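Me: I want to check the labels on one strand and its surroundings. Take me through the reasoning, please.

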Amino acid sequence: MGDLTANFSRAEFACKCGCGYDDIDEDLVRLLQGLRNWWRRPVRINSGCRCAEHNAAVGGAPASKHVLGIAADVTVDGIPPKEVYRWLDRLLGDTGGLGGYDGFTHVDVRTQKARW
């Protein structure tokens with residue numbers, strides 16, 4: 001049970017450096033809950049919020065949406081990242097950011113469309 005949605009807790013999105021930054025966007029969490037409901041499998045948050053220092057330490061882009069608390073790098077148990085990307089792409093339409101990587105999918109809830 002989560003404290004944000006049925007399946008997500010704020011702690012899952014907290015900055016991995018231990019600084020306590022965990023101000024995650026509600027729209028992003030709802031989107032990820034929808035992803036979990038669709039696949040009926042756990043969604044793992046590899047990276048959610050990042051403070052500026054941690055973002056720099058992991059090689060994040062200076063304007064990373066993780067720093068704003070509107071992005072997450074996720075995996076869905078047993079579902080290839082390319083499939084997760086395609087599902088999210090159809091859902092987001094002309095908004096949001098999506099990045100496809102070998103081991104995870106980046107998703108963010110920016111207002112303009114960005115894909116990579």
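**Strand 4 and the largest pocket**

Reply: Start with D108, which is found in strand 4 (residues 105-108). Bear in mind that the model is predicted.

Me: Why is D108 called buried?

Reply: Its relative accessibility is 0%. Buried means under 20%. D108 therefore counts as buried.

Me: What makes the link between D108 and H106 a polar contact?

Reply: Their side chains are joined at 2.8 Å. The cut-off is within 3.5 Å. So the pair is within the limit and counts as a polar contact.

Me: Which residues further off in sequence does D108 contact?

Reply: Leaving aside neighbours within four places in sequence, they are K65, I70, A71, L92, G96, G97 and W116. G97 also stands opposite D108 in strand 4.

Me: How do you know that strand 3 and strand 4 pair?

Reply: Strand 3 (residues 97-100) shares 4 bridges with strand 4, in the antiparallel sense. Pairing needs at least two bridges, so the two strands qualify. A hairpin of 4 residues joins them.

Me: What about strand 2 and strand 4?

Reply: Strand 2 (residues 71-76) pairs with strand 4 in the antiparallel sense, over 4 bridges. T105 is the bridge partner of V74.

Me: Which way do the residues of strand 4 point?

Reply: T105 and V107 point one way, H106 and D108 the other. All are buried. In a regular strand, side chains alternate between the two faces of the sheet.

Me: What is the volume of the largest pocket, and which residues are closest to its centre?

Reply: The volume is about 170 Å³. Of 13 lining residues, R50, A61, S64, H66 and H106 are closest to the centre. By class, the lining has 4 nonpolar, 4 polar and 5 charged residues.

Definitions and conventions: Residues are numbered from 1 along each chain as its sequence is written. This is a predicted model: local features need pLDDT of at least 70, side-chain atom pairs count only at pLDDT 80 or more; totals for chains, interfaces and linings use all residues. Side-chain values use heavy atoms; hydrogens and water are left out. Buried means under 20% relative accessible area, exposed over 50%, partly exposed in between (1.4 Å probe, protein chains only). A polar contact is a pair of N or O atoms within 3.5 Å; within protein, one must be able to donate a hydrogen and the other to accept it, and residues adjacent in sequence count only if both atoms are side-chain atoms. Contact means heavy atoms within 4.5 Å. On a 1 Å grid over the protein atoms alone, a cavity is a set of points where a 1.4 Å probe fits but cannot get out, and a pocket is an open set with protein on both sides within 12 Å along at least five of seven lines; lining residues have an atom within 4 Å of a point. Grid points are joined across faces, edges and corners, and a volume is the space filled by probe spheres set on the points. Ala, Val, Leu, Ile, Met, Phe, Trp, Tyr, Cys and Pro count as nonpolar, Asp, Glu, Lys and Arg as charged, and the others, Gly among them, as polar.
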